[in-house]
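Dear colleague,

I am passing on the structure below, and I would be grateful if you could look through it alongside the notes that follow.

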Amino acid sequence: MNPPKTSAVTEHRFEPDALSALARQHAAMPLRRAGPLVELVIVGVAAMLDGQPDMPTIVLWGSRTGITDIGNRLVSCVEIAREPVFPFDFLASQPIVAATTLRKRFSCIENALYQPWPDDAATHWQRARTLAAAWLRAGRCQRVICGQAEPDSPRKGEHTGRWQMHWA
């Protein structure tokens, strides 16, 4: 089998309102519990699949700061409002909300997996590329989209996503 083909890394940057509007435009269902992390995944995958043929696809994504930032904001809200909230359900559900939305919107997506992100970006991308190549060689899919979603990163008020496609 030939080695997998790989696209260049595509980077997207969005202001918060623009990201929310674009994510809702691309979603096939209401995004009730989706935060910027999920919105970045939806918009990034939609951009990668735009104009592409329909083929079995797996999405593998991670975030270095996303879940931590959301958790810190929720804790800050609790401290300021002095009201009890239950953020753990919400935080744990973000990768599931992303996967469910992607599977309903794009029939070619067979699985969407969140992977924890080490501090070293090179390690994340190497691990993602290695998994993509292994899945393609094993015939688990014909295309893998790897991504990084970072709400409010690298500067406050701007959400960033980086995406790369691998195919057989």
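In these notes, contact means heavy atoms within 4.5 Å, while helices (H or I, at least four residues) and strands (E, at least two) are DSSP runs numbered from the N terminus. On that basis, the buried residues of α5 pack against β3, β4, β5 (143-150) and β6 (159-167).

Please bear in mind that this is a predicted model, in which local features need pLDDT of at least 70, side-chain atom pairs count only at pLDDT 80 or more, and totals for chains, interfaces and linings use all residues. Residues are numbered from 1 along each chain as its sequence is written, and side-chain values use heavy atoms, with hydrogens and water left out.

The mean pLDDT (the predictor's confidence in each residue, from 0 to 100) is 84 for the protein, and 80% of its residues reach 70 or more. Among the elements, strand β3 (residues 57-62) has the highest mean, 96, and helix α3 (residues 66-81) the lowest, 59. Where pLDDT is low, the predicted coordinates should not be read in detail.

To return to α5 (121-138), its 18 residues should span 26 Å at 1.5 Å a residue (the expected span being 1.5 Å times one less than the number of residues), and its end C-alpha atoms are indeed 26 Å apart. Its buried residues (buried meaning under 20% relative accessible area, exposed over 50%, partly exposed in between, with a 1.4 Å probe and protein chains only) are H124, W125, A128, A132, A133, W135 and L136. These cover an arc of only 165° around the axis (taken from the directions from the helix axis to the C-beta atoms), which puts them on the same side of α5. A122, R137 and A138 are exposed on the other side of α5, and just after the helix G139 takes a positive phi of about 80°.

Two residues here may reward inspection. D120, in the loop between β4 (109-114) and α5, counts as partly exposed at 40% relative accessibility, and at the start of α5 one of its side-chain oxygens reaches to within 3.2 Å of the backbone nitrogen of A122. H124, which lies in α5, counts as buried at 0% relative accessibility. Leaving aside neighbours within four places in sequence, H124 is in contact with G62, Q115, W117, P118 and G147, and its side chain makes a polar contact (a pair of N or O atoms within 3.5 Å; within protein, one must be able to donate a hydrogen and the other to accept it, and residues adjacent in sequence count only if both atoms are side-chain atoms) with the side chain of Q115 at 2.9 Å.

Helix α2 (residues 36-49) has 14 residues and reaches 20 Å from its first C-alpha to its last, close to the 20 Å expected. Because 12 of those 14 residues are buried, α2 is largely enclosed by the rest of the structure.

The largest nonpolar core (a set of buried Ala, Val, Leu, Ile, Met, Phe, Trp, Tyr and Cys residues joined through side-chain atoms within 4.5 Å) has 30 residues, and V45 and V59 have the most contacts inside it. The helix α2 gives the most to this core, with 10 residues. Not counting residues up to four places away in sequence, V59 touches V45, L102, I109, N111, A112, L113, I145 and W163. A second, separate core of 11 residues includes L60, W117, A128 and C141.

With best wishes
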